[in-house]
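I opened this notebook to record what I looked up, entry by entry. The sequence and structure come next.

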Amino acid sequence: MSKLTKNQKLALGKIEAGKAYTLREAAELVKEITTTKFDASVDVDVRLGVDPRKANQMVRGVVSLPHGTGKQVRVLALCTPDKEAEATEAGADYVGLEEYIEKIKGGWTDVDVIITMPSVMGKIGALGRVLGPRGLMPNPKSGTVTNEIGNAVKEVKQGKIDFKVDKSGIVHTSIGKVSFTPDQIRDNAKEFILTLIKLKPTAAKGAYIKSIYLSSTMSAGIKIDPKSVEEN
């Protein structure tokens, strides 16, 4: 195990052991404890009281972050020729169909999000082995299979993200950058967590939000009091 640097030790010293911080406090503290020289991502981890192995307790959804993600999202629009101009004007980085299907079959996946149309999903289904493991397979539930190609591209570019609970019952996602203001970090985290709460399965019993942690790339996690999320 590598030794902690002086800055990392100082950062850890700012987190009070066993304390659950308010979301506002955590949004300020995460900036203070980040020691990376690059603009680190800010992540939220929420442990849910669900059993993801049961279909009626699966939690999956989308959320539009008020201040975006701070990341340059590379979007591929797989669409018919009549939709190409619409996708390009909306800001898609790559636009086309057959040529990109062939590239993906060859192993190319240099994108973050793929948006397509219901009418061409038959062709894209064959790409599941390549796209599935990378989380790139378009899905109507996440808004990436739609005839409104332009709107879908704009939403993704502006900060719309999709999320899904993992096998351990945890939802993990990035909600911004350390360069964001504390208020921007708080707003984005709040929007994400409140969206999770709205998606509580009716089959889930007991405590739904078991724990929330805020962290940045390579930083320690800051425990958040779930009750503070809805505070102004």
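Leaving aside its neighbours within four places in sequence, which residues is S228 in contact with? I worked from a predicted model. I listed the contacts of S228 and found Y21, T22 and L23 once those neighbours were set aside.

Entry on the setting of S228. I placed S228 in the segment after β9 (222–224). I then looked up its accessibility: the relative accessible area of S228 is 2%. The cut-off for buried is under 20%, so S228 counts as buried.

Entry on the side chain of S228. I looked for a polar partner and noted the backbone oxygen of D225, which lies 2.7 Å from a polar atom of the S228 side chain.

Entry on strand β3. I moved to residues 75–78, which form β3. I asked myself: are the residues on its two faces buried or exposed? V75 and A77 lie on one side, L76 and L78 on the other, and all of them are buried. Both faces of β3 are therefore covered.

Entry on the partners of β3. I looked up β5 (residues 113–116) and found that it pairs with β3 in the parallel sense, over four bridges. Within that pairing, V113 of β5 is the bridge partner of V75. I also looked up β4 (residues 94–96), which runs parallel to β3 and is joined to it by three bridges. Here A77 stands opposite V95 of β4.

Entry on the connection. I followed the chain through helix α3 (residues 81–89) and noted that β3, α3 and β4 make a β-α-β unit, which is right-handed.

Methods:
Residues are numbered from 1 along each chain as its sequence is written. This is a predicted model: local features need pLDDT of at least 70, side-chain atom pairs count only at pLDDT 80 or more; totals for chains, interfaces and linings use all residues. Side-chain values use heavy atoms; hydrogens and water are left out. Buried means under 20% relative accessible area, exposed over 50%, partly exposed in between (1.4 Å probe, protein chains only). Two strands pair if DSSP finds at least two bridges between them. A crossover is right-handed if, with the strands pointing away from the viewer, the path from the first strand over the helix to the second runs clockwise. A polar contact is a pair of N or O atoms within 3.5 Å; within protein, one must be able to donate a hydrogen and the other to accept it, and residues adjacent in sequence count only if both atoms are side-chain atoms. Contact means heavy atoms within 4.5 Å.
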